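Work through the following exercises with the sequence and the model side by side. Try each task before you read its solution.

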Amino acid sequence: MPIALIDGNNFYVSCERVFNPKLEGKPVVVLSNNDGVAVSRSLEAKALDVPMAEPWFKFSATAKKHGIVALSSNYALYANMSDRMMAVLSQFSPDQEVYSIDECFLGLDGFDHLDLVEYGREMRRRVRQWVGIPVCVGIAPTKTLAKLANYCAKKNLAGSEGVCDFGRLSGSELSGLLTTIEVEEIWGVGRKLSEQLNARGIKTVEALRTADAKTLRREFSVVMERTMMELNGTPCISMEEVASVKQQIISSRSFGTPVKDIEQLQEAVATYIAIAAEKLRAQGSAAGMVQVYIRTSAFRTDIHSYNGQQTIPLPAASDDTLCLTRAALWGLKRIYKPGYSYSKAGVVLMNLCDADSVQPDMFSAGKDNSRVMAVMDKINNIYGRGTLRTAAAGVGQKQDWRMKREMMSPAYTTKWDQLPTAR
DNA sequence: CTATAACTCTCAA
DNA sequence: CTAACGTTGAGAGTTATAG
């Protein structure tokens, strides 16, 4: 019955601190792709009022004044640290669901004889010592409640000190606690729903938990009804142990600087296709449709805006980078309009199916590149993405579209040559 | 008309 | 110097379209 939710504290910042202890105790933020906005903030940075998703250009001056350290995101490092953390946590239960890069659920059925709070503390100690990352643990009978318990652990409510087990609280203690938490903190309740709930006078978790189920179902949706049941201890969201195959695969990026010419757009699109196709093959799928889009900045009101998008159905589903690239570039040509300053492009692989059971197309007799793809994936897996690539993906001189990462830390865990030398 | 496809909105990390 | 604001995936509900 009990479920634990373990979540890394400001995970990206914590990863950086493991390899650069001088950052300990300092205000630190990690920026999104393209050094766009803050996506991870240390406690100290939060104390200096850097909001989540704050654009870097808006607070870089303040950052300088207060000595806030800003870092470009280093996903290779974070993914590797995540793997280590998940491996350690998997020792605590045979029943693990990796929910995101920095958090996982552990099913604790059959562990009831243990002191779960002490068990949670052991998780924290071990992850901290073996991986270097601080985590908090929430324990409760449902996923939604476990998330909430984790929130309490993070906020150090109910004397939790990093571990909060709702099972330890009496009914009235829990009610009291939930009365102090706003609905916005509930998993599945975002900005929009909070507004609507507040407008109906439902402001706290306790208020939602004890609302009228029928009315809630009528005025909102099944999702809200499920959330309410979960808050009352009835599990509606089950553990998903094996990662399911994706239904669509997206690869998109904002450009380092705006792009006008089609040559650069072609390079970017071909590069994104290569990334998406690699993921596609990794899960053994083939794509039945390719979508490509280009757009001008959503924030600029001073220049002409344009969103172009084209979906290309393939005669036969494919997992071949060459085939998918051809389709995407064909689509790009149709939507490209000269004169605009494009700030972003992306591709979507959709209508995915099992690669082994693709219905062949009787008109385009099979040019099979599967062995080439296998070699390409193998080489790129060892030497890094893009080591072996199609010519379409980049031989150009001008690469304005490449993303900006001006404050990146070294790849401490994945590149020998970037290890700091011991002196 | 119904069944499905396509699209929009919301949420999450 | 100026301008500069993330990515990926899922699911529910609504609207459009085909038959």
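Just after helix H12, Gly284 takes a positive phi of about 70°. Keep in mind throughout that this is a predicted model.

**Exercise 1. Check the length of helix H12 against the span expected for its residues, and decide how far the helix is enclosed.**

Step 1. Helix H12 covers residues 262-282, which gives 21 residues.

Step 2. The expected span is 1.5 Å times one less than the number of residues, and for H12 this comes to 30 Å.

Step 3. The C-alpha atoms at the two ends of H12 are 30 Å apart, which agrees with the expected span.

Step 4. A residue counts as buried when its relative accessible area is under 20%. In H12, 15 of the 21 residues are buried, so the helix is largely enclosed by the rest of the structure.

**Exercise 2. Find the domains of chain A, and state how far apart the C-alpha centres of domain 2 and domain 3 lie.**

Step 1. The domain assignment divides chain A into domain 1 (3-165), domain 2 (170-231) and domain 3 (249-393).

Step 2. Between the C-alpha centres of domain 2 and domain 3 there is a distance of 42 Å.

**Exercise 3. Describe the largest nonpolar core and the elements that build it.**

Step 1. This core has 34 residues, and Ile6 and Ile133 are those with the most contacts inside it.

Step 2. Among the elements that each supply at least two residues of the core are strand E1 (3-8), helix H1 (11-19), helix H4 (75-89) and helix H5 (116-130).

Step 3. H4 gives the most to this core, with 7 residues.

Step 4. As background, in soluble globular proteins nonpolar side chains tend to be buried together.

**Exercise 4. Which parts of DNA strand B lie within 4 Å of the protein, and which residues surround the strand?**

Step 1. DNA strand B is surrounded by 13 residues, and the closest are Ser100, Asp102, Lys147, Gly188 and Leu193.

Step 2. By class, the surface near the strand has 5 nonpolar, 3 polar and 5 charged residues.

Step 3. Strand E5 (96-100) and helix H8 (191-199) each supply at least two residues of this surface, and H8 provides the largest share, 3 residues.

Step 4. Of the atoms of DNA strand B within 4 Å of the protein, 100% belong to sugar or phosphate.

Step 5. The individual distances add detail: an N or O atom in the side chain of Ser100 is 3.0 Å from a sugar or linking oxygen of DNA strand B, and for the side chain of Asp102 the corresponding distance is 2.8 Å. At Gly188, a backbone N or O atom lies 2.4 Å from a phosphate oxygen of the strand.

How values were computed
Residues are numbered from 1 along each chain as its sequence is written. Chains are lettered from A and ligands numbered from 1 in the order in which they are written. This is a predicted model: local features need pLDDT of at least 70, side-chain atom pairs count only at pLDDT 80 or more; totals for chains, interfaces and linings use all residues. Side-chain values use heavy atoms; hydrogens and water are left out. Helices (H or I, at least four residues) and strands (E, at least two) are DSSP runs, numbered from the N terminus. Buried means under 20% relative accessible area, exposed over 50%, partly exposed in between (1.4 Å probe, protein chains only). Domain bounds come from an automatic or database domain assignment. A residue is near a molecule or strand if one of its heavy atoms lies within 4 Å of it. A polar contact is a pair of N or O atoms within 3.5 Å; within protein, one must be able to donate a hydrogen and the other to accept it, and residues adjacent in sequence count only if both atoms are side-chain atoms. Ala, Val, Leu, Ile, Met, Phe, Trp, Tyr, Cys and Pro count as nonpolar, Asp, Glu, Lys and Arg as charged, and the others, Gly among them, as polar. A nonpolar core is a set of buried Ala, Val, Leu, Ile, Met, Phe, Trp, Tyr and Cys residues joined through side-chain atoms within 4.5 Å.
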